[in-house]
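Please look over the protein shown below before reading on. The report that follows takes up strand pairing and then the nonpolar cores.

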Amino acid sequence: DYIYFDNAARRVYLSHGVDMKVMDADSNAIVATMTGFKRNHGVALVPDLGKGFISDGEAAKAIVFDMKTFKITGEVKTDKDTDYILYDPASKHVFAFNGSAHNITVIDPANNSVVGTVSVSGVPEQPVADGKGMIYDNIETTNEVVALDSRSLQIKARWPVAPCGMPVAMGMDR
């Protein structure tokens, strides 16, 4: 579903539903394959802790792995249809965007615990973090963009994107 590039380690993470492939960006060699997922979508990396989190939508979980060994080390319960997953360095939290549940599960990666859930009143899609504490996300079913304060876990603004319908991908020029 989502491709993630880890520039520091020169690795590309490729989700393939039931497995996650990790490719060396320079040689194109597959350096790891993590398996056993029901339907994974993406990955979020927390370099300071050496941990990664993979969203598994059908299992409604974030799967935790060691960034050096690629071994699965734990899991965190999220909600229905966990899709995009994102690490926000400003809040030091991992955010799992749950499509069918219309919410976001907020995870403390230090202890793999849920610290909150934010309702977004629609299907969240691919978000971006500005690195300063705001996360912007497309809400596909309400045709809007929301601005989420990553520390207070409060929606600070909603902007309609009509006549655009069902916005999904988003990029940011920081």
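In what sense, parallel or antiparallel, do strand S3 (residues 17–24) and strand S4 (residues 30–46) pair?

## Basis of the model

This is a predicted model, in which local features need pLDDT of at least 70 and side-chain atom pairs count only at pLDDT 80 or more, while totals for chains, interfaces and linings use all residues. Residues are numbered from 1 along each chain as its sequence is written, and side-chain values use heavy atoms, with hydrogens and water left out.

## Paired strands and their hairpins

S3 and S4 pair in the antiparallel sense over 6 bridges, where pairing requires that DSSP finds at least two bridges between two strands and a strand is a DSSP run of E with at least two residues, numbered from the N terminus. Aspartate 19 stands opposite threonine 35 in S4, and in the hairpin, with 5 residues between the strands, asparagine 28 has a positive phi near 70 degrees.

S4 also pairs in the antiparallel sense with strand S5 (residues 51–56), over 5 bridges, and here leucine 45 stands opposite glycine 52 in S5. The hairpin of S4 and S5 has 4 residues between the strands, and its glycine 50 takes a positive phi near 70 degrees.

## Nonpolar cores

The largest nonpolar core (buried Ala, Val, Leu, Ile, Met, Phe, Trp, Tyr and Cys residues joined through side-chain atoms within 4.5 Å, buried being under 20% relative accessible area with a 1.4 Å probe, protein chains only) has 15 residues, and those touching the most other members include Phe95, Ile104 and Val118. Strands S8 (82–88) and S9 (93–98) are among the elements that give two or more residues to this core. Apart from this core lies another, of 13 residues, including Met34 and Phe70.

Methods
Buried < 20%, exposed > 50% of the residue type's maximum accessible area, 1.4 Å probe, protein only.
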